[in-house]
Each structure stands twice: as C-alpha cells, then as structure tokens.
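Please look at the sequence and the three-dimensional picture together, and keep both at hand while you read. The paragraphs that follow take you through the strands, the rings, the charged pairs and the surface in turn.

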Amino acid sequence: MKKEIHPEYRKVVFLDTSSDYKFLSGSTKTSEETIEWEDGNTYPLIRVEISSASHPFYTGKQKADKVGGRIDRFKKKYNMK
C-alpha cells in the first residue's frame, strides 16, 4: 500500500442516540468528542441514529406483510381466483 494516502484506523465508540447503546469498534471516522470506555481508555465518540439495538429488524419489531405475496395481492385486487 502507498504511504500517507489512507486514513488512520483506530478504535472508536459508537453511541446509538435513540437507545443509549454504546459499542467499541474500529473505524476511520474521526470526532472531536471523546468518551472514557469501560477499560479506562479514552476513545473518540461517534453518534449514530440507529444500530442493532434500535433497528426494527434486529429488535423483532419489524412489521411483516401477512396479507400474502405480490401475486396474491394482485389477484385479490382484480378479483382473480
């Protein structure tokens, strides 16, 4: 790899603002805001609006289409059997 062209990869803390869920991960994102993590170290804090803790697919609150598939809805709409 070429030197000096890639962003620095570091550990950061992501904070889901809708559920206050925090997790430590690696990223090239930067932030002026920092937070002290459970291990006693200070990491940049990245605020996100949605994560696995608040996304309907992962929380089981996703609405499922119980009416049927597209073909069934088409047949129902046009009274086809």
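**A walk through the model**

In the hairpin formed by β3 and β4, five residues lie between the strands, and G40 there has a positive phi near 90°. Names such as β3 follow a fixed rule, in which helices (H or I, at least four residues) and strands (E, at least two) are DSSP runs, numbered from the N terminus. What you see is a predicted model, in which local features need pLDDT of at least 70 and side-chain atom pairs count only at pLDDT 80 or more, while totals for chains, interfaces and linings use all residues. Residues are numbered from 1 along each chain as its sequence is written, and side-chain values use heavy atoms, with hydrogens and water left out.

The hairpin belongs to an open sheet of four strands, whose order is β2-β1-β4-β3 and whose pairing is mixed. The edge strands are β2 and β3, each of which pairs on one side only. Two strands are said to pair if DSSP finds at least two bridges between them. On average, neighbouring strands of this sheet are turned by 45° against each other, with direction ignored; for such angles, axes are lines fitted to C-alpha atoms, for helices over the stretch in contact, and angles run from 0 to 180 degrees between N-to-C directions.

Now follow the pairings one at a time. Strand β1, residues 10–16, runs antiparallel to β2 and is joined to β2 by seven bridges; in that pairing, R10 has S27 in β2 as its bridge partner. Between β1 and β4 the pairing is parallel, over four bridges, and here F14 stands opposite I46 in β4. The strands β3 and β4 run antiparallel and are joined by three bridges, with I35 standing opposite Y43 in β4.

F14 also leads to the aromatic rings, for the structure holds three aromatic pairs. Rings of Phe, Tyr and Trp (its six-membered ring) pair if their centres lie within 6.5 Å, and planes under 30 degrees apart count as stacked, over 60 as edge-to-face and the rest as tilted. F14 and F23 form a stacked pair, with 5.4 Å from centre to centre and 20° between the planes. Is F14 buried or exposed? With a relative accessible area of 14%, F14 is buried, whereas F23, at 27% relative accessibility, counts as partly exposed. Here buried means under 20% relative accessible area, exposed over 50%, and partly exposed in between (1.4 Å probe, protein chains only). Ring pairs also bring in Y21, so that F14, Y21 and F23 are linked into a cluster.

Another pair is made by F74 and Y78, whose rings are tilted, at 4.9 Å centre to centre and with 50° between the planes. F74 lies in helix α2, which spans residues 70–77. Both rings belong to residues that are partly exposed, F74 at 45% relative accessibility and Y78 at 48%. Together with M80, F74 and Y78 make a nonpolar surface patch of about 340 Å². Patches are made of residues with over 30% relative accessible area and no salt bridge, where like charges are joined within 9 Å and nonpolar side chains (Val, Leu, Ile, Met, Phe, Trp, Tyr) within 5 Å. The accessible areas come from the Shrake-Rupley method with a 1.4 Å probe, and for residues only the protein chains shown count as cover.

Turning to charges, side chains of opposite charge can pair when their charged atoms come close. How many salt bridges does a search of the whole structure find? The search finds two, a salt bridge being a side-chain nitrogen of Lys or Arg within 4 Å of a carboxyl oxygen of Asp or Glu. One joins E33 and R47, with 2.8 Å from N to O. This pair links distant parts of the chain, 14 residues apart, with E33 in the loop between β2 and β3 and R47 in strand β4. Both partners are partly exposed, E33 at 34% relative accessibility and R47 at 48%. R10 forms a salt bridge with E8, where the closest N and O atoms are 3.4 Å apart, and E8 is exposed at 52%.

Finally, return to the backbone. Most residues other than glycine have a negative phi, and most peptide bonds are trans. E4, although not a glycine, has a positive phi of about 70°; E4 lies in the segment before β1 and counts as exposed at 83% relative accessibility. D20, in the loop between β1 and β2, likewise has a positive phi, near 60°, and is exposed at 59%.
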